Amino acid sequence: DAHKSDKLSYNDCSPFLGGSAHSAASNESVEQSHAHHRKYQYLEAVLCEVLRLHPPVPFLQRYCAKDGVEIPYQTTDGRQQTLSLNKNDGVCVYTTAYLRLPAVWGTNGRDPNRINVSNFYEHGINTY
């Protein structure tokens with residue numbers, strides 16, 4: 001039977017997740033269900049933080065769809081500049097660098113190059 005499929009069902013994994021699909025679907029009250037969910041929010045926050053520091057895609061490459069697109073940006077010395085793009089110009093966003101920007105991830109004296117689970121745990125998982 002184990003060789004029938006390489007796919008695992010929820011019931012196959014439930015001993016590792018701390019419950020069963022049957023009890024979650026039929027016997028648990030709403031409060032118990034929320035408590036069960038909160039139990040794994042921290043784990044999800046840890047995974048999000050690890051993926052922030054080590055993104056699976058190091059950069060995103062896109063091409064401009066029309067002429068005359070202007071992208072405002074700030075230089076390292078604080079000056080505001082504008083980048084003008086024409087149709088088919090390529091743009092790369094280096095996610096590895098962006099996800100370590102001190103201005104975004106280094107608030108409140110945090111080091112953006114270190115794991116800080118509170119980036120996702122304190123403010124909710126869907127903050128990225």
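**Close-up views of the predicted chain**

**View 1. R52 and its partner in helix 3.** R52 counts as buried, at 2% relative accessibility, where buried means under 20% relative accessible area, exposed over 50% and partly exposed in between, with a 1.4 Å probe and protein chains only as cover. The model is a predicted one, in which local features need pLDDT of at least 70 and side-chain atom pairs count only at pLDDT 80 or more, whereas totals for chains, interfaces and linings use all residues. Residues are numbered from 1 along each chain as its sequence is written, and side-chain values use heavy atoms, with hydrogens and water left out. The side chain of R52 meets that of E49 in a salt bridge with an N to O distance of 2.7 Å, the term standing for a side-chain nitrogen of Lys or Arg within 4 Å of a carboxyl oxygen of Asp or Glu. Both residues belong to helix 3 and lie three residues apart, about one turn of the helix; helices (H or I, at least four residues) and strands (E, at least two) are DSSP runs, numbered from the N terminus. E49 is buried as well, with a relative accessible area of 0%.

**View 2. N116 in the loop between helix 5 and helix 6.** The loop that holds N116 runs between helix 5 (102–105) and helix 6 (118–121), and N116 is buried, with a relative accessible area of 17%. Once neighbours within four places in sequence are set aside, N116 is in contact with E49 and R110, contact meaning heavy atoms within 4.5 Å. E49 is also the residue whose side chain forms the salt bridge with R52.

**View 3. The largest nonpolar core and the surroundings of W105.** The core is made of six residues, A45, C48, L99, W105, V117 and F120, a nonpolar core being a set of buried Ala, Val, Leu, Ile, Met, Phe, Trp, Tyr and Cys residues joined through side-chain atoms within 4.5 Å. In soluble globular proteins, nonpolar side chains tend to be buried together. With residues up to four places away in sequence not counted, W105 touches the core members L99 and F120, and its list of contacts also includes R52, Y98, R100, R110, P112 and N119.

**View 4. The hairpin of strand 2 and strand 3.** These two strands run antiparallel and are joined by six bridges, two strands being taken as paired if DSSP finds at least two bridges between them. One such pairing sets Q74 against Q80, its bridge partner in strand 3. Five residues lie between the strands of the hairpin, and G78 in the turn has a positive phi of about 95°. A salt bridge joins D77 to R79, with the closest N and O atoms 3.0 Å apart; D77 counts as exposed at 53% relative accessibility, while R79 is partly exposed, with a relative accessible area of 46%. Strand 2 (residues 69–74) is hardly covered, since the count of buried residues among its six residues is zero.

**View 5. L83 in strand 3 and its contacts.** L83 lies in strand 3 and counts as partly exposed at 40% relative accessibility. Leaving aside neighbours within four places in sequence, L83 is in contact with V69, E70, I71 and Y73. The C-alpha atoms of L83 and Y73 are separated by 7.5 Å, although the two residues are 10 apart along the chain.

**View 6. The loop residue N88.** N88 is found between strand 3 (80–85) and strand 4 (90–93). Its phi is near 75°, a positive value in a residue other than glycine, and N88 is exposed, with a relative accessible area of 55%.

**View 7. A nonpolar surface patch with V57.** V57, L60 and V93 make a nonpolar patch of about 220 Å², the areas coming from the Shrake-Rupley method with a 1.4 Å probe and, for residues, only the protein chains shown counting as cover. Patches are made of residues with over 30% relative accessible area and no salt bridge, like charges being joined within 9 Å and nonpolar side chains (Val, Leu, Ile, Met, Phe, Trp, Tyr) within 5 Å. V57 is partly exposed, with a relative accessible area of 42%, and lies in the loop between helix 3 (30–53) and strand 1 (60–63).
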